[in-house]
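Reader: Hi! I'd like a close look at just one part of this model, the place where chain A touches chain B. Could you walk me through it?

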Amino acid sequence: MLVRLQRSGGLAGFTVRSEVDSAQLAPADRAHLERLLGAADLSSTPPPTRGADRFQYDLEVERGGRVQRTTAFDGALPPGLQPLIDWLAARRAGGPPR
Amino acid sequence: MARCVGACFIVPPFVLERVIRDGTPEQREWALATLLDDHSIRAQRIHNALVLRDRGRARQPLSPAPGGHPKRTIYDAHQQQDAEASDVVRREGQPAVGDKAVNQAYDGLGSTYQFYWDVFHRNSIDDQGLPLDGVVHYGDHYDNAFWNGARMVFGDGDGYTLLQTTAAIDVIGHELTHGVTEHTANLTYLGQSGALNESVSDVFGSMVKQFALGQTSEQADWLIGEGIVGPALHGKALRSMAAPGTAFEGDPQPAEMRHYVHTVSDNGGVHINSGIPNHAFYLVARELGGRSWDHAGPVWYDTLRDPGLRSNATFHDFAQVTVRAAQHRFGSGPVSNAVRDAWNQVGVTVP
């Protein structure tokens, strides 16, 4: 399973990407990722938030050739998505944010 | 209703209107009764308009605030992602506190308020004296600042790409201006209208900084977010209005229409393509010389408030309104010519 997260927008407008291949994860981490995915509602499409300069998140979960995509905005994230975003962002390797 | 007996005369409705507006309670009652007794459509219309106006008045304070003074409140989110933070750390008129971010937000909101008041006689975000609420220390190492539709919210930065976001006065001006745009043109935050929304925030944010520093267009650095970029960006700022695409290594901003970036990220590239209208404003200000808020600024401000500017305006729509606004305010001449030339230089053709 591949999980890709792209964060764009925000005041600075940088795009930041992270990708996790579950096959490369230690069993405990893999189980943790599955739990986070299970708790996140990836099917709902929340309305864009009011205001400006909020982050846009584009999440892709690729499993057995099937890809599920979700777009969400900071301040109006679907239930359970924030912990998944935090976990993926924390695993992002160092380097320029592009 | 009693008909007039004896000395009878017809009072024109506009006189009745004046009596209703300025008269004593007895005079008002008489005038209203007279209006009601007049069955003409004109009288009916005036009556309805007066009732509607008085209803509207009931929602406004009897004596509106004279303006010229901000009403600031700074809240501390204590590293939580809570834009509704309720811990007040500094209110209007209170002295500086020990927390630098709090004072920077307080001062920056004050400078922005002063710019709008002194230059455009605009009384806060809504021109009705809306209180200015700022939230600092939002989130943990949060590398962003935003407008949430009610408050200006500032993260401390991750220390890597972005530093403390309250440290840049133009960024504070940028966020407050999102509120001004919401209360005026209300440019839809998507695609070209979204990039215009972003550009307006950069344009006014930059003017706030220039105004505070007393700089001419020539002296200004035309950078957005100078001083808050972290070491990972290898750059001097987040954006450059003078030379879009050069603020940091890999800056994706175009300066011209032929390099417009089509993307679904960032609400359709609102922080990317804003480089094009940003550069147009810079070109106008530099061409005209002097201070940016003397000529270029008022043209952009009039455009933002023009009822003909639609929420889903394209760059071309916006450009056309700027030329019209320039002609309206300064006549056909150097200013309107500079505005037209600037748009043509960035590839937005205006006749």
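Author: Here is a walk along that interface, seen from the chain A side. Keep in mind that what you're looking at is a predicted model.

Let's meet chain A before we get to its partner. Chain A has 98 residues, and 46% of them count as buried. Going from the N terminus, you pass β-β-α-β-β-α, so to speak, a chain with four strands and two helices.

Now for the meeting place itself. On one side, 24 residues of chain A make contact, and on the other, 32 residues of chain B. Putting the two chains together buries about 2300 Å², with 47% of that coming from carbon and sulfur atoms. If you want residues to click on, try L11(A), F14(A) and D53(A): they lose the most area to chain B within chain A, and together they make up 28% of what that side buries.

What about charges? There are two salt bridges between the chains. One of them pairs R7(A) with D143(B), and their closest N and O atoms sit 3.0 Å apart. Polar contacts show up too, with 18 residue pairs across the interface, both partners at pLDDT 80 or more.

Which elements of chain A give two or more residues to this side? Those are strand 1 (2-9) and strand 3 (55-63). Strand 1 supplies the largest share, four residues. As for the mix on the chain A side, you'll find eight nonpolar residues, ten polar ones and six charged ones.

Terms used:
Residues are numbered from 1 along each chain as its sequence is written. Chains are lettered from A and ligands numbered from 1 in the order in which they are written. This is a predicted model: local features need pLDDT of at least 70, side-chain atom pairs count only at pLDDT 80 or more; totals for chains, interfaces and linings use all residues. Side-chain values use heavy atoms; hydrogens and water are left out. Buried means under 20% relative accessible area, exposed over 50%, partly exposed in between (1.4 Å probe, protein chains only). Contact means heavy atoms within 4.5 Å. Buried area is the accessible area (1.4 Å probe) that two parts lose on being put together, summed over both. A salt bridge is a side-chain nitrogen of Lys or Arg within 4 Å of a carboxyl oxygen of Asp or Glu. A polar contact is a pair of N or O atoms within 3.5 Å; within protein, one must be able to donate a hydrogen and the other to accept it, and residues adjacent in sequence count only if both atoms are side-chain atoms. Ala, Val, Leu, Ile, Met, Phe, Trp, Tyr, Cys and Pro count as nonpolar, Asp, Glu, Lys and Arg as charged, and the others, Gly among them, as polar.
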